[in-house]
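Me: I have just opened this structure and would like a friendly tour. Could you walk me through it?

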Amino acid sequence: MTEKTFLYQSNGNKIDKGSISVQSPSNIALVKYWGKKPVQIPANSSISFTLKNCYTQTSVSFEKSKEFQINLSVEGEKNLDFLPKIEQFFKRIKDYSPYIFNYNLQIDTLNTFPHSSGIASSASGFSALAYAVVQLEKQISNISEKEAMTKASFLSRLGSGSACRSLFGPLAIWGKHDKLNKTSDLYAIEHHEIHDVFRDYQDTILLIDKGQKKVSSTVGHNLMTNHPFAKQRFIQAQENIISMIDILKSGNLDEFISKTEHEALTLHGMMMTSKPYFVLMKEGTLSSINKIWEFREETKLPLCFTLDAGANLHVLYPKRFTQEVLDFIRQELIVYCENQQYICDEVGKGAKVLNEYYD
Ligand code: DP6
């Protein structure tokens, strides 16, 4: 499929108004996307666990109008902060979803995770919005369920790269890989070859720094363009995808731990060695990492961590060890969390429609 596949040919649209409510989760990459070229084309493939409890719920109410207008409310309050990114998103999807421009839109959105928790809402937010837009397309064209999911992923990517992986669960792969049929730079695909142990894998997110990101993802990605280690990193990520796919199938937890932590630290290593360089980990991040290593050494429990582009730590472990790991987090790691906050999440299934009506 090419970009052309996603262009929309109108065959009339008789819907005057309606409303679509959807929810879409966040995701956490195991092999990271870091580095891109215009427009939103990843430098390497990435694979992620889709989450379950951290999601965005978005409802789009629309009414025919000569002028296209967007009103945005976040958590019940009119919001102007996110409007520029949302407007850019609509500009980028214009050729692919022109039908949406015939309406006045009221977009109401809320996240299940605390506002400014340092958890990126862009993956869940853009995937929810794109998914809602595609529901309208399903009403006015002959697009199948499968095509609709792929298109929603394609559109999400234009809002935020990692968002394109959120539609599918338990695992999603984004980015063309020579050894993996069906992979694409334009959208993510669902990946089902997963050992039972990972199907309900736990992700406890330690909110170590709830502040705004110091360096936006887009700036960070762009610093990979002239990064001295970029070429090697992109080759390494393509290799890591293949090993991670094997690990996720076999359920080999030792290898999972080693690959996942290595990826997380490599991501931050890239940030620390770009020009300009920056460090997103905080003291609490490093202290928690050391405590996790000590605890793992002592107890032999298979817990590990990963990071996204921030200071918060995702603690990953099999469901059957929930009690032991949560006790450990409460006793040893909670001191590093702002207001002692952490979020209990696990692997989930992706986006879903909550309700819709058309007139
Ligand atoms: C470190 O998807 O937030 O979380 O495409 O610029 O919106 P944009 O970037 P974004 O980058 C996410 C980077 C990451 C790794 C990952 O999720 O793969």
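Me: At roughly what angle do the axes of helix 1 and helix 2 (residues 122-140) cross?

Reply: Happy to start there, with a word on the model. This is a predicted model, in which local features need pLDDT of at least 70 and side-chain atom pairs count only at pLDDT 80 or more, while totals for chains, interfaces and linings use all residues. Residues are numbered from 1 along each chain as its sequence is written, and side-chain values use heavy atoms, with hydrogens and water left out. The axes of helix 1 and helix 2 come within 12 Å and cross at roughly 40 degrees.

Me: Thanks! What do "helix" and "axis" stand for here?

Reply: Helices (H or I, at least four residues) and strands (E, at least two) are DSSP runs, numbered from the N terminus. Axes are lines fitted to C-alpha atoms, for helices over the stretch in contact, and angles run from 0 to 180 degrees between N-to-C directions.

Me: Which residues of helix 2 does helix 1 meet?

Reply: Contact means heavy atoms within 4.5 Å. On the side of helix 1, the residues are Lys-85, Ile-86, Phe-89 and Phe-90. Their partners in helix 2 are Phe-126, Leu-129, Ala-130 and Val-133.

Me: How many nonpolar residues does that contact of helix 1 with helix 2 have?

Reply: Ala, Val, Leu, Ile, Met, Phe, Trp, Tyr, Cys and Pro count as nonpolar, Asp, Glu, Lys and Arg as charged, and the others, Gly among them, as polar. The contact of helix 1 with helix 2 has no polar and one charged residues, and its nonpolar residues number seven.

Me: Are helix 1 and helix 3 roughly parallel, roughly antiparallel, roughly perpendicular or oblique to each other?

Reply: The axes of helix 1 (residues 83-92) and helix 3 (residues 145-159) come within 8 Å and cross at roughly 135 degrees. Angles under 35 degrees count as roughly parallel, over 145 as roughly antiparallel, 65 to 115 as roughly perpendicular and the rest as oblique. Helix 1 and helix 3 are therefore oblique.

Me: Which residues of helix 3 meet helix 1?

Reply: Helix 1 brings Lys-85, Phe-89 and Arg-92 to this contact. By class, the contact has three nonpolar, one polar and two charged residues. The helix 3 residues are Leu-155, Leu-158 and Gly-159.

Me: Does helix 6 pass helix 7 in a left-handed or a right-handed crossing?

Reply: Helix 6 (residues 230-250) and helix 7 (residues 253-272) pack at an angle of about 155 degrees, with their axes 10 Å apart. They are therefore roughly antiparallel to each other. A crossing is left-handed if the near helix is turned anticlockwise from the far one by less than a right angle, and right-handed if clockwise. Helix 6 passes helix 7 in a crossing that is left-handed.

Me: Which residue has a polar side-chain atom 2.7 Å from an oxygen atom of the ligand?

Reply: There are 16 residues around the ligand (near means a heavy atom within 4 Å). Side-chain N or O atoms lie 2.8 Å from a ligand oxygen atom in Arg-165 and 3.0 Å in His-221. The residue with the 2.7 Å distance is Ser-162.

Me: Where does Gln-40 lie?

Reply: Gln-40 has a positive phi of about 60 degrees although it is not a glycine. Val-39, whose peptide bond from Pro-38 is cis with omega near -15 degrees, lies between strand 2 (36-37) and strand 3 (41-42). Gln-40 too has its place in the loop between strand 2 and strand 3.

How values were computed: A polar contact is a pair of N or O atoms within 3.5 Å; within protein, one must be able to donate a hydrogen and the other to accept it, and residues adjacent in sequence count only if both atoms are side-chain atoms.
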